[in-house]
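Reader: I have a model open and would like to learn how to read its sheet, its helices and its salt bridges. Where do I start?

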Amino acid sequence: MDRKMISEGLWRFYVDLGKVINTIPEGRIGDRVAEALLQCGTSQMMHFDHSGDKEFSGCREQCCQDLREAMGWLKYAEQTEVLPTDSTSRLLEEAKNLLEQLQETSSIPGYRGLDHLAIAVASTEEALQLWRDRMGFPVVCSEVVNEGSVRLTHLDLGNTHLQLVEPLLEGHPLYAWLADNGGAGLHHLCFRVEDIDTVMTASPLPTAAKSHQGTGGKRAVFLEKKHTGNVLMEYTGA
């Protein structure tokens, strides 16, 4: 992520936003929209430009939140007709592009954060007695994928998902993994990306030659473990 380039883009956005705010007609709705848009992040810009490495992560997150709020108010302004569509659509596109740049925190192309932590289990139902029934994490989805070879069950941990991976076909490699591990255990961590084909050709670390089926219509691909410090990693995306 090029901080200088993003900073310049943010300043341009807020200058453009200020010019549009000046065109909002006075009135109860117009005054409220103008006030809200003025509060959406301009105070964070100085912190973004001058923050050190330790403070930068927090400033980036705040800028992302401010941009999302600005987008929400711009959509509201359009729907209440205090701003014309041609003004809001241009600013919404600017904000969307800036959000994507701010969220690029890695050299992984299209990186969008941690998708899930995966635990290999011999029985999904037994595992759910712990994670769903005793720990209280809700089940998001449960699918049989990859030609019926595994069941993938996702639970919502709040800031990411826990994936339970249960082998279903005799001879599946996970049976040997479970035996070697002495039972269930942490199997891999998975990063969410925009596009699997792109990341397979441009990943900073080599991936497997073929992708496999994930949940919710997504695809996934493992990274070659010999290049990842013996930690099994995966990408998932469209």
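Author: We will go through the sheet, one helix, the salt bridges and a surface patch.

Author: This is a predicted model, in which local features need pLDDT of at least 70 and side-chain atom pairs count only at pLDDT 80 or more, while totals for chains, interfaces and linings use all residues. Residues are numbered from 1 along each chain as its sequence is written, and side-chain values use heavy atoms, with hydrogens and water left out.

Reader: In what order do the strands of the sheet lie?

Author: Strands of a sheet pair through backbone hydrogen bonds, either parallel or antiparallel. Strands here (E, at least two residues) and helices (H or I, at least four residues) are DSSP runs, numbered from the N terminus. Two strands pair if DSSP finds at least two bridges between them. In this model 8 strands form an open sheet with mixed pairing, in the order β2-β3-β4-β1-β5-β8-β7-β6. The edge strands are β2 and β6 (212–213), each pairing on one side only.

Reader: How many bridges join β2 to β3?

Author: β2 and β3 run antiparallel and are joined by 6 bridges. One partnership to look up is Val-139 with Leu-155 in β3. The two strands form a hairpin with 4 residues between them, and Asn-146 in the turn has a positive phi of about 55°. Next along, β3 and β4 pair in the antiparallel sense over 7 bridges. There, Asp-156 stands opposite His-161 in β4.

Reader: Is strand β8 mostly covered or uncovered?

Author: Use the accessible area: buried means under 20% relative accessible area, exposed over 50%, and partly exposed in between (1.4 Å probe, protein chains only). In β8 (residues 233–237), 5 of its 5 residues are buried. Met-233, Tyr-235 and Gly-237 lie on one side, Glu-234 and Thr-236 on the other, and both faces are covered. For its pairing, β8 runs parallel to β5 with 4 bridges, and antiparallel to β7, also with 4 bridges. Arg-192 stands opposite Thr-236 in β8, and Arg-219 has Gly-237 as its bridge partner there.

Reader: Which residues of helix α6 are buried?

Author: An α-helix has 3.6 residues a turn, so residues three or four places apart point the same way. In α6 (residues 124–134) the buried residues are Thr-124, Ala-127 and Leu-128. Seen down the axis of α6, they fall within an arc of 105°, so they line one face of the helix; the arc is that of the directions from the helix axis to the C-beta atoms. On the other side of α6, Glu-126 and Arg-134 are exposed. The cover over the buried residues includes β2 (139–145), β3 (150–156) and β4 (161–167), where contact means heavy atoms within 4.5 Å. Just after the helix, Gly-136 takes a positive phi of about 85°.

Reader: How many salt bridges does the count come to?

Author: A salt bridge is a side-chain nitrogen of Lys or Arg within 4 Å of a carboxyl oxygen of Asp or Glu. By this rule there are 7 salt bridges. In one of them, the side chains of Glu-194 and Arg-112 meet at 2.6 Å, N to O. Glu-194 lies in the loop between β5 (185–193) and α8 (196–202) and Arg-112 in strand β1, so the pair ties together parts that are 82 residues apart in sequence.

Reader: What does the salt bridge of Arg-192 and Asp-115 link?

Author: Their side chains meet at 3.5 Å, N to O. The pair links distant parts of the chain, with Arg-192 in strand β5 and Asp-115 in strand β1, 77 residues apart. Asp-115 is buried, with a relative accessible area of 9%, whereas Arg-192 is partly exposed at 32%.

Reader: Which residues make the nonpolar surface patch?

Author: Patches are made of residues with over 30% relative accessible area and no salt bridge; like charges are joined within 9 Å, nonpolar side chains (Val, Leu, Ile, Met, Phe, Trp, Tyr) within 5 Å. Here Leu-114, Leu-117 and Leu-186 make a nonpolar patch of about 250 Å², with areas from the Shrake-Rupley method with a 1.4 Å probe, only the protein chains shown counting as cover for residues. Leu-117 sits in strand β1 (residues 111–120) and is partly exposed, with a relative accessible area of 31%.
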